[in-house]
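Visitor: Could you take me on a close look at one part of this protein, the sheet and what packs around it? I am in my first year, so please explain the terms as we go.

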Amino acid sequence: VATIGAKAIYRIDDWELLPLARSDAHLLEEERLTNAVYLQMVWQVLRTPHFYYSTKFDITHSLQRRNKTSPGFTQMSLFARADLRFVWNQQLLAEWGTGDIQLQKFLIPLLHGFVKQHHIALKNGATFDYTLVSRRSVQRAGTRYNTRGADLEGNVANFVETEIIIETKRGRSSLVQTRGSIPLLWHQLPDLRQVDIPEDMIINNGPLKRKAVVQLLPVK
């Protein structure tokens with residue numbers, strides 16, 4: 001879907017699960033039902049669109065962060081130097097990540113987000129590549145109304161880092177923007193029932209009044 005510095009970035013469009021056991025004949029009926037539930041949960045995650053990876057380019061770090069690293073940083077494997085905030089298969093790779101260095105080169109981080117690239121040609125003959133990379137954090141990910149605020153480690157819900165990369169024959173430039181939920185310890189209870197809101201919690205916005213309920217969590 002994109003090429004940065006002659007290094008390709010790919011999108012995953014299909015998956016295949018290869019069981020280690022040839023059959024489930026050795027399982028009890030209850031175990032088969034449990035196994036089916038777990039498989040359904042795995043497929044629900046895998047069928048979520050917009051997973052990306054690269055075997056050469058570190059897509060978990062912005063160009064700005066990479067430029068501030070030590071000379072030996074780029075000599076490390078992709079997983080060893082990856083920003084774990086954006087590695088969605090880190091639990092599967094963690095056990096192998098501390099082993100043989102030769103094995104680590106086969107550990108490919110998966111990014112969830114969005115990658116798009118356009119090749120743009122100007123009227124004066126100049127050309128450049130415009131690439132958009134959005135990285136979704138693994139911390140406090142969830143649907144909009146079920147995951148809100150921050151946790152005690154400062155991770156906010158649905159944090160996304162978006163990077164715009166402009167690449168010309170002379171070099172590359174990068175602009176990074178971030179977004180996320182309000183960094184407070186709060187949550188929202190989705191409920192379609194009528195809620196009686198105290199008058200002092202009604203926000204007066206000119207001729208209109210907007211009703212909002214926010215539950216703040218005390219910090220211990």
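Guide: Let's begin with two terms. Helices (H or I, at least four residues) and strands (E, at least two) are DSSP runs, numbered from the N terminus. Two strands pair if DSSP finds at least two bridges between them. What you see is a predicted model, in which local features need pLDDT of at least 70 and side-chain atom pairs count only at pLDDT 80 or more, while totals for chains, interfaces and linings use all residues. Residues are numbered from 1 along each chain as its sequence is written, and side-chain values use heavy atoms, with hydrogens and water left out.

Now to the sheet. It is open and has 7 strands, in the order β1-β2-β3-β4-β5-β6-β7, with antiparallel pairing. At its edges lie β1 and β7 (171-179), each of which pairs on one side only. On average, neighbouring strands are turned by 30° against each other, direction ignored; such angles rest on axes, which are lines fitted to C-alpha atoms (for helices over the stretch in contact), and run from 0 to 180 degrees between N-to-C directions. In the protein as a whole there are 4 helices and 11 strands.

Let's zoom in on β5, residues 127-136. On one side, 9 bridges join β5 to the antiparallel strand β4, residues 111-121. Here K116 stands opposite L132 of β5. The hairpin of β4 and β5 has 5 residues between the strands, and among its residues G125 takes a positive phi near 95°. On the other side, β5 pairs with β6 (residues 160-168), again in the antiparallel sense, over 8 bridges. Two matches to find there are V133 opposite E163 and Y130 with its bridge partner I166.

A good residue to pause at is T131, also in β5. T131 is buried, with a relative accessible area of 1%; buried means under 20% relative accessible area, exposed over 50%, and partly exposed in between (1.4 Å probe, protein chains only). Its side chain and that of Q117 are joined by a polar contact of 2.8 Å. A polar contact is a pair of N or O atoms within 3.5 Å; within protein, one must be able to donate a hydrogen and the other to accept it, and residues adjacent in sequence count only if both atoms are side-chain atoms. Leaving aside neighbours within four places in sequence, T131 is in contact (heavy atoms within 4.5 Å) with A2, I4, K116, Q117, E163, I164 and I165.

What packs around the sheet? In soluble globular proteins, nonpolar side chains tend to be buried together. A nonpolar core is a set of buried Ala, Val, Leu, Ile, Met, Phe, Trp, Tyr and Cys residues joined through side-chain atoms within 4.5 Å. The largest one here has 15 residues, and those with the most contacts inside it are I4, I9, Y52, F57, I59, L111 and V115. Both β1 (2-4) and β4 supply at least two residues of this core. A second, separate core of 5 residues includes F79, A82, V87 and L93.

To finish, look at F79 in that second core. F79 lies in the loop between α2 (63-66) and α3 (90-97), and F79 is buried, with a relative accessible area of 10%. F79 and L107 are 28 residues apart in sequence and 6.0 Å apart in space, C-alpha to C-alpha.
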